[in-house]
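Hi,

Here is the model I promised to pass on. Please have a look at it first, and then read my notes underneath.

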Amino acid sequence: MPCLGARVVVPLGTRIVTGIVVETKVEPRTSNGEPRTTNLKAIRQVLDATAFVPPDVVALARWTAEYYAAGVGDTIPALLPPMARGGRADAHKTTRMAAITPAGLEALAAGAVTPKQREALDLLSGTPAGAATAALAARGIAADAVSRLAKHGYISLRQDRVDRDPFDQGQMGVRRGSDPHPDPRLTPADRQLTPEQAAALARLRALAGTRAFRVALLHGVTGSGKTEVYIRLSADVRAAGRRVLMLVPEIALTPAAARLFREAFGERVAIQHSGLSDGERHDQWQRIRRGDIDIVVGTRSAVFAPLEDVGLIVVDEEHDGSYKQEESPRYNGRDVAIIRAQRAGALVVLGSATPSMETYHNAMTGRYERVVLERRVLDRPLASVSVVDMREEYAAEGPEVILSRALREAIQTRLDRKEQALVLLNRRGFATAVFCRQCAGTIDCPNCSVSLVVHGEGHARRARCHYCNYTSRVPPACPLCAGPYLEQAGFGTERVEAEVKKACPEARVERLDRDAIRKRGSLASLLSRFRDGAIDVLVGTQMIAKGHDFPRVTLVGVVSADVGLGLADFRASERTFQLLTQVAGRAGRGEQPGEAIVQTLYPDHYSIQLACRQDFPAFYERELKFRTAMRYPPVISLVNAVVRARTFAGAMDDAAGIVEKLRTADRGLRILGPAPAPLGRLRGEYRAQLLIKGMNRRKIREALQSALAASPELQRRVVVDVDPISVL
Ligand code: ADP
Ligand code: ZN
């Protein structure tokens with residue numbers, strides 16, 4: 001009997017695959033719970049005598065699958081080092097890698113190989129991600145033996161980049177070597193904590209010292225020095241012989257934390273995120289598993305890192321939407337972290353200047369401890385925020401204006417003073433739609449129910465769907481009525497970039513959004529050039545709001561603060577508040593005080609007003625009233641189910657059938673819908689939606705599962721999202 005967490009080779013349908021043992025001594029049952037004896041297949045081969053994946057991590061994956069109504073199989077990729085995925089050669093040095101294939105495993109299990117081949121396959125079966133052919137050669141397996149194995153299909157060959165240190169420059173937006181603008185604050189060793197930091201650290205230390213499960217919210221304004229607290233607390237936990245998991249939303253966008261941890265803890269820090277090559281990830285995973293690592297810094301999937309005896313889990317920027325995985329299993333890394341800590345008897349620190357409604361609610365009701373940092377380090381003031389009412393601007397300057405007079409002047413002042421500015425608009429592209437002046441039609445995506453977004457200008461102009469990437473040229477006349485008067489409407493970051501260049505021709509302006517960083521390395525180079533002062537104004541989407549610490553930024557401009565407010569999502573206000581507070585928090589982090597200018601059409605909206613005052617408690621109170629009245633999280637639990645079908649009527653009918661079953665089952669649930677989903681058509685499929693609200697997630701899940709039990713076909717077309725971060 002193989003042990004929990006061991007890898008096994010098993011037949012699955014007509015294929016042979018490698019799997020992980022998630023449970024032993026199970027009674028096979030049919031789907032309606034009857035004992036089943038037929039159709040059980042034998043394990044072909046057990047690859048590990050001991051657990052390959054630690055049993056507690058396997059158990060965590062099972063919890064995740066159940067809670068988020070996903071198959072256990074969906075969670076397995078997050079548990080394993082990456083498997084061979086074919087060539088990914090690039091300009092860097094590459095090395096030839098060999099990996100065993102299912103056919104190879106089968107041949108090995110069947111003993112149908114020569115002794116030399118057996119030796120090679122044995123070696124490779126121990127490293128699912130593959131081994132360098134050079135390493136095989138060193139063990140006496142020559143190149144011609146390797147190519148014979150490949151010819152049989154027993155192994156696959158690929159080119160991998162040479163294993164590099166993921167902390168090395170370039171990848172992380174961190175340069176090594178001499179810094180033309182050394183930042184005096186980046187010498188943490190001899191630094192004095194502020195009294196607030198010291199008090200917060202003492203409190204968290206006491207909690208960690210109990211070696212019991214606790215959750216603390218570290219609620220610290222932007223620039224209050226939370227990272228420093230994480231590092232000192234980690235040092236403590238490590239000294240006590242336990243290990244640390246540090247989760248960050250996106251490492252590429254917040255390289256500082258990873259770098260500071262590396263500086264503080266040296267070689268015993270590992271980094272895990274999706275931007276690494278397979279080879280790098282594989283190496284890091286193995287080092288963690290061997291116990292060579294005390295601290296793992298990573299993005300959401302690092303919550304499943306094979307780290308033993310975890311004493312502290314930090315979730316930095318816990319409110320950030322990137323902790324939620326938008327494919328099955330749709331887990332939230334923050335919430336899985338809390339479960340992991342509960343089982344490990346560890347402390348969880350959730351850090352944020354703008355906590356999620358859920359977390360703050362838990363802090364207010366006493367489930368979590370709340371530790372506060374109310375001031376910035378060195379008593380630097382928060383940025384002063386002013387609001388520009390764009391209706392007045394349109395009246396004075398015409399309806400075409402994008403940058404208000406106040407913002408244009410403020411940018412010019414920064415240029416004169418050799419300071420820097422960030423300009424935020426959370427919408428990509430040049431124009432958001434093309435419409436016909438004759439028939440009022442828009443140019444829409446043929447696959448999705450959205451209009452195409454214009455990218456580029458002049459000859460480079462293209463219309464593109466932001467959901468399925470369909471791209472076409474912008475037609476000279478309306479495809480509906482043939483009218484010749486097509487006009488562009490709305491604007492995105494590309495247009496803002498052009499407007500800043502027009503207003504300040506001498507400024508060095510660049511753009512940071514998903515389009516601008518397609519090329520590998522371009523994100524890192526943009527961030528480091530901005531940091532070096534080679535860029536004066538950086539225009540971008542929410543990417544520029546995240547965690548950066550650029551000391552010479554003294555101005556933040558927000559072009560349309562209300563972009564997100566029009567969306568039919570219960571989190572629209574929360575997200576707007578967070579984005580505005582976070583981006584304003586990027587200004588004035590150095591010696592010069594910061595200023596933020598917020599342009600909006602709704603200057604009276606509470607999330608804009610309260611973000612400008614940076615008044616989180618007032619926002620929470622106000623928003624909680626809305627959530628309570630409308631029955632939304634955190635006062636209830638929510639599950640979003642989207643039914644996909646070939647026709648609109650089909651999607652609506654199927655959704656109605658589910659609603660019907662849920663209603664007759666009556667488990668005290670409230671059901672909204674069925675309704676066409678806000679994105680009614682996506683990649684050619686129609687979508688209908690239902691929202692299920694209740695006090696107990698398990699009941700909601702069970703009700704939904706029994707409503708779908710009779711039809712596996714329908715089940716495959718329903719996307720279930722437990723604790724959705726967005727219902728769009
Ligand atoms: P937060 O994550 O709370 O926004 P950071 O951790 O990025 O804040 O810290 C903001 C800046 O203050 C960083 O540049 C950091 O190096 C610096 N800093 C942190 N603690 C201190 C301290 N005690 N004294 C001086 N500078 C500090
Ligand atoms: Zn589309």
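Below are some notes on the two ligand sites.

This is a predicted model, where local features need pLDDT of at least 70, side-chain atom pairs count only at pLDDT 80 or more, and totals for chains, interfaces and linings use all residues. Residues are numbered from 1 along each chain as written, chains are lettered from A and ligands numbered from 1 in written order, and side-chain values use heavy atoms, without hydrogens and water.

Ligand 1 has 16 residues around it (a heavy atom within 4 Å), with Q192, Q197, G223, K226 and D549 coming nearest. Three polar contacts (N or O pairs within 3.5 Å) may interest you:

- A nitrogen atom of ligand 1 sits 2.8 Å from a polar backbone atom of Q192.
- Q197 places a polar side-chain atom 2.8 Å from a nitrogen atom of ligand 1.
- The side chain of K226 has an N or O atom 2.8 Å from an oxygen atom of ligand 1.

The protein buries 90% of the 570 Å² that ligand 1 exposes when taken alone (Shrake-Rupley, 1.4 Å probe).

The zinc ion (ligand 2) has as protein donors the SG atoms of C445, C448, C465 and C468, at 2.3 to 2.4 Å (donors are N, O and S atoms within 2.8 Å of the metal, or 3.2 Å for Na, K and Ca). Angles of 103 to 115 degrees make the site tetrahedral (all angles between 85 and 135 degrees). The donor spacing in sequence is C-x2-C-x16-C-x2-C. C448 lies in the loop between β16 (433-436) and β17 (453-455) and C465 in the loop between β18 (462-464) and β19 (471-472), so this pair ties together parts 17 residues apart in sequence (strands are DSSP E runs of at least two residues).

Best wishes

Notes:
A polar contact is a pair of N or O atoms within 3.5 Å; within protein, one must be able to donate a hydrogen and the other to accept it, and residues adjacent in sequence count only if both atoms are side-chain atoms. Four donors count as tetrahedral if all angles lie between 85 and 135 degrees; four count as square planar and six as octahedral if opposite donors are over 155 degrees apart and all others between 65 and 115; anything else is irregular. Helices (H or I, at least four residues) and strands (E, at least two) are DSSP runs, numbered from the N terminus.
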